[in-house]
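This report looks at aromatic contacts and at the setting of one strand.

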Amino acid sequence: MKPSNQLHSLNWQNGPVFVYGPPSSGKSTTGRLLAQALDVPFIDLDETIATESRMSIPEIFELEGEAGFRAREAAALQSVLTGGEKVVALGGGALVDPDNRRMVESAGPVLLLNATLEALLERLPDDSDERPLLTGNLTGRLESLLTHRREHYQSFPNRIETAGRSPKEIVWDCQVRLGAYWVSGMGPAYDARIWPGGLNAIGSALQQRALKGPILIVTDENVTAYYLHPVEQSLQRAGYSYHSICLPSGEQYKTIKTAGKLWEACLQAGVERSSTILALGGGVIGDLSGFAAATYQRGVAWVGLPTTLLAMVDSSLGGKTGVDLPQGKNLVGAFHSPRLVLADPTTLKSLPVEELRSGMAEAVKAGIIADPLLFNLFTQGWDAVLQYLDEIVRRAMAVKISVIEQDPFEQGQRAALNLGHTIGHAVELASSFRLRHGEAIAIGMAAEAELAEKMGLARPGLAQVIRKTLTGLQLPTRIPAELNQEQILVAMRSDKKRAAGSHRFALPLRIGQVQVGVQVEEAVILDSLRQASGK
Ligand SMILES: NC(=O)c1ccc[n+]([C@@H]2O[C@H](COP(=O)([O-])OP(=O)(O)OC[C@H]3O[C@@H](n4cnc5c(N)ncnc54)[C@H](O)[C@@H]3O)[C@@H](O)[C@H]2O)c1
């Protein structure tokens with residue numbers, strides 16, 4: 001899926017989303033597909049007006065004039081402003097009236113579809129008779145209408161470019177702007193939402209999705225201090241009964257023993273088959289809670305409330321849950337999709353900077369895999385990254401969702417997400433986890449880009465761009481001098497992606513494109529490891 005080509009995120013919470021733009025810009029098609037993609041109702045305002053008045057739009061114009069039509073339009077608009085989430089396609093002049101515009105913009109975001117006159121003329125179907133303002137000299141009428149409304153259309157901040165893009169790409173762009181995805185393809189589909197401040201409204205979000213109590217909130221000692229109270233308050237307001245369990249923080253607690261504690265907490269909290277577990281925290285809490293939810297009473301619902309960057313853009317999505325064994329990470333687990341993932345980027349403010357930086361490596365990976373504009377943000381350094389944190393979460397989440405949607409059970413393309421991980425995991429392991437996961441992945445991405453160049457897959461200079469970008473974020477790109485390359489190779493052999501005598505990589509070809517399943521001989525890898533070493 002081609003990513004959005006603009007930086008402009010907006011917030012959508014509960015109400016309607018409006019699709020607007022000039023005649024024939026694709027409002028109805030986009031609106032219908034967007035509603036499908038988000039699994040919410042769709043309303044075509046012109047159709048509503050026609051149904052309610054029992055006249056076609058041309059008939060209304062003929063009998064009542066434009067003023068009559070606009071009065072009906074304003075009344076129809078009023079009727080769609082309330083009643084929960086939906087997508088509404090508006091008529092091409094519906095928001096020219098400042099009162100209508102005010103009313104609509106205070107109810108929900110407006111996505112404006114941008115198109116040139118030529119593109120509109122090409123698309124305008126033979127039903128231009130159905131468009132009373134365009135009857136007669138079509139080109140002339142449309143041109144003058146566009147000239148007249150140019151400033152009006154340009155005054156909407158969320159403009160979606162339609163030129164040269166398929167309806168699917170346009171809809172995906174809308175979803176990235178809204179930070180709203182409906183993730184299907186693996187088990188029951190679920191909502192993934194980016195919602196600044198959303199933790200304060202988790203109670204109503206659960207209610208809306210008919211998720212039931214009693215609720216068990218699972219969190220850790222660091223997250224508790226900041227976010228348990230607002231979550232509990234929100235659940236109280238929504239009338240849920242709940243219990244919470246606060247675990248010690250750290251990977252060393254991602255064990256079957258802790259999962260056992262969660263099963264006991266479920267018993268004490270009276271969690272039933274129909275109840276919900278809330279995972280409030282980073283990837284450790286998400287993996288543990290998801291695993292407890294997958295196994296307690298053979299599976300209960302769970303909701304991810306990720307509070308680290310890594311959890312938002314990676315671990316909360318995809319339905320992998322599990323615990324570690326002394327012999328290795330994530331060796332026991334289950335695929336068990338959450339019922340909702342609600343990422344509140346405001347929680348990143350309290351995240352220690354080294355955790356944020358570590359999570360950033362996964363976001364950079366998303367840019368390299370599929371989103372050059374996202375990658376470009378990272379080339380601007382740490383300050384720019386902090387400024388665009390919300391946008392980074394949206395776009396990196398979008399990349400992961402797009403990949404897992406295409407290949408939910410890792411048959412092929414999902415392996416793209418392993419970029420940087422074949423070497424990265426081994427480096428992490430060889431360092432006995434002294435390196436953070438993100439640091440190891442940064443080293444892995446730089447080394448694997450060099451490998452791709454050496455094999456003639458990547459264009460020359462790619463590794464340098466990636467290395468420079470990671471260094472600009474103060475992430476390491478060289479294998480620490482104290483780590484032995486042979487040791488790293490041994491660690492790679494124990495990795496599950498190994499094939500006999502060689503190893504399988506996802507390698508970058510250019511920013512935005514990755515080749516999966518590239519077999520590389522160990523001698524070539526060793527050479528690359530030497531080159532990537534800080535020695
Ligand atoms: N399931 C998957 O698909 C998947 C994918 C990638 C990683 N993972 C797993 O994710 C885990 C790593 O996750 P992580 O990096 O989020 O680590 P983490 O959960 O250990 O969180 C890192 C630290 O930040 C603290 N913290 C979390 N949110 C905070 C906030 N908003 N403010 C202040 N402190 C906060 C935590 O208490 C912890 O000390 C690993 O176990 C890894 O295996 C799973």
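A charge is taken to sit over a ring if NZ of Lys or CZ of Arg is within 6 Å of the ring centre and within 35 degrees of the ring normal. In this predicted model, Arg101 and Arg357 are placed in that way, each over the face of an aromatic ring, as the table sets out.

| Arginine | Ring | Distance from the ring centre |
|---|---|---|
| Arg101 | Phe156 | 3.8 Å |
| Arg357 | Trp382 | 4.4 Å |

The ring of Phe156, over whose face Arg101 lies, also belongs to an aromatic cluster that it forms with Tyr20 and Tyr153. A search of the whole structure yields six aromatic pairs. One of them is formed by Tyr226 and Tyr227, whose rings are tilted, with 5.5 Å from centre to centre and 35° between the planes. Tyr226 is partly exposed, at a relative accessible area of 49%, whereas Tyr227 is buried, at 13%.

The second topic is strand β7. Because five of the five residues of β7 (residues 190-194) are buried, this strand is largely enclosed by the rest of the structure. In a regular strand the side chains alternate between the two faces of the sheet. In β7, Tyr190, Ala192 and Ile194 point one way, while Asp191 and Arg193 point the other way, and all are buried.

Strand β6 (residues 180-183) runs antiparallel to β7 and is joined to it by four bridges, with Ala180 standing opposite Arg193 of β7. Strand β14 (residues 340-343) is likewise joined to β7 by four bridges, but these two strands run parallel, and here Ala192 stands opposite Val341 of β14.

Terms used:
Residues numbered from 1 in each chain as written. Predicted model: local features only at pLDDT ≥ 70, side-chain atom pairs only at ≥ 80, totals over all residues. Heavy atoms only, no water. Phe/Tyr/Trp six-rings, centres within 6.5 Å; stacked < 30°, edge-to-face > 60°. Buried < 20%, exposed > 50% of the residue type's maximum accessible area, 1.4 Å probe, protein only. Pairing = 2+ DSSP bridges.
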